[in-house]
Amino acid sequence: MDCLFCRIIDGEVASHKVYEDEHAYAFLDIYPTSRGHTVVLPKKHIASFLEMNEEKTAELFTSVNRIAKKVIGVTGAPGVNIGINNGLVAGQTVPHVHVHIIPRYENDGGGSMHTIVDSNPDREELEQLAASIYSRF
Ligand code: 5GP
Ligand code: ZN
């Protein structure tokens, strides 16, 4: 399989590695949104976060938590956005699951996740939606 991030993990493509363990691998984003922008990925190729089971998810986010603390420690950033662009419409450009750690700085000009898209549902719609999701568990 020709996957850029698999090739980075295998050492065929260079990266600025910041962390590696049995399950996860992390490096600096080559086009950083902010100083310290890091991506964390499962070593085993998987395209979508929605295909991951709970065990794999726990492993990945345990690493994300550890790495984020170190990135913040080094950069001194007073805030951070942590998230996944999952799927083409969400802006995923590399089809190997990865979690972005984006340190945020005072007056950096960026927005929050609320600025990604906008919607204005009424209370009834929210109630129906919540009930539908709740009922699936
Ligand atoms: P996505 O857009 O899929 O959420 O995130 C992919 C990220 O990978 C982007 O932020 C992009 O800058 C980064 N990226 C793309 N190619 C490379 C590369 O060759 N090396 C590194 N370190 N990052 C890359
Ligand atoms: Zn891959």
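**View 1. How the donors of the zinc ion (ligand 2) are spaced along the chain.** Reading along the chain, the donors of the zinc ion (ligand 2) follow the pattern C-x2-C-x38-H-x50-H. The two histidines sit in loops: His45 in the one between β3 (38–42) and α2 (54–75), His96 in the one between β4 (79–83) and β5, so this pair ties together parts that are 51 residues apart in sequence. Keep in mind that this is a predicted model, here and in the views below.

**View 2. Close-up of the zinc ion (ligand 2) and its protein donors.** Which atoms does the protein offer to the zinc ion (ligand 2)? They are SG of Cys3, SG of Cys6, ND1 of His45 and ND1 of His96, at 2.0 to 2.3 Å from the ion. The four donor atoms subtend angles of 104 to 118° around the zinc ion, so the arrangement is tetrahedral. As for the histidines, is His96 buried or exposed? His96 counts as buried because its relative accessibility is 0%. His45, with a relative accessible area of 26%, is partly exposed.

**View 3. Ligand 1 and the residues around it.** There are 15 residues around ligand 1, and those that come nearest are Asp29, Asn85, Thr93, His98 and His100. Two side chains put an N or O atom by an oxygen atom of the ligand: for Asp29 the distance is 2.4 Å, and for Asn85 it is 2.9 Å. Ile30 joins in through its backbone, with an N or O atom 3.3 Å from a nitrogen atom of ligand 1. On its own, ligand 1 has 520 Å² of accessible area, and the protein covers 85% of that.

**View 4. The largest nonpolar core.** Nonpolar side chains tend to be buried together in soluble globular proteins. Here the largest nonpolar core has 14 residues, and Val40, Leu60, Ile67 and Ile101 touch the most other members. Which elements give two or more residues to this core? That would be β2 (24–28), α2 and β5. The top contributor is α2, which gives five residues.

**View 5. Ile116, an exposed isoleucine.** Ile116 is found in the loop between β5 (99–104) and α3 (123–134). Why does Ile116 count as exposed? Because its relative accessibility is 64%, and the cut-off for exposed is over 50%. For a bearing on the core, take Val40, one of the residues that touch the most other members there. C-alpha to C-alpha, Ile116 and Val40 are 21 Å apart in space, and in sequence they are 76 residues apart.

Definitions and conventions. Residues numbered from 1 in each chain as written. Chains lettered and ligands numbered in written order. Predicted model: local features only at pLDDT ≥ 70, side-chain atom pairs only at ≥ 80, totals over all residues. Heavy atoms only, no water. Helix = DSSP H or I, 4+ residues; strand = E, 2+ residues; numbered from the N terminus. Buried < 20%, exposed > 50% of the residue type's maximum accessible area, 1.4 Å probe, protein only. Donors = N, O, S within 2.8 Å, 3.2 Å for Na, K, Ca; no water. Tetrahedral: all angles 85-135°; square planar, octahedral: opposite > 155°, others 65-115°. Near = heavy atom within 4 Å. Polar contact = N/O pair within 3.5 Å; in protein donor to acceptor, adjacent residues only side chain to side chain. Areas by Shrake-Rupley, 256 points an atom, 1.4 Å probe, with all protein chains shown as cover. Core = buried A, V, L, I, M, F, W, Y, C linked by side-chain atoms within 4.5 Å.
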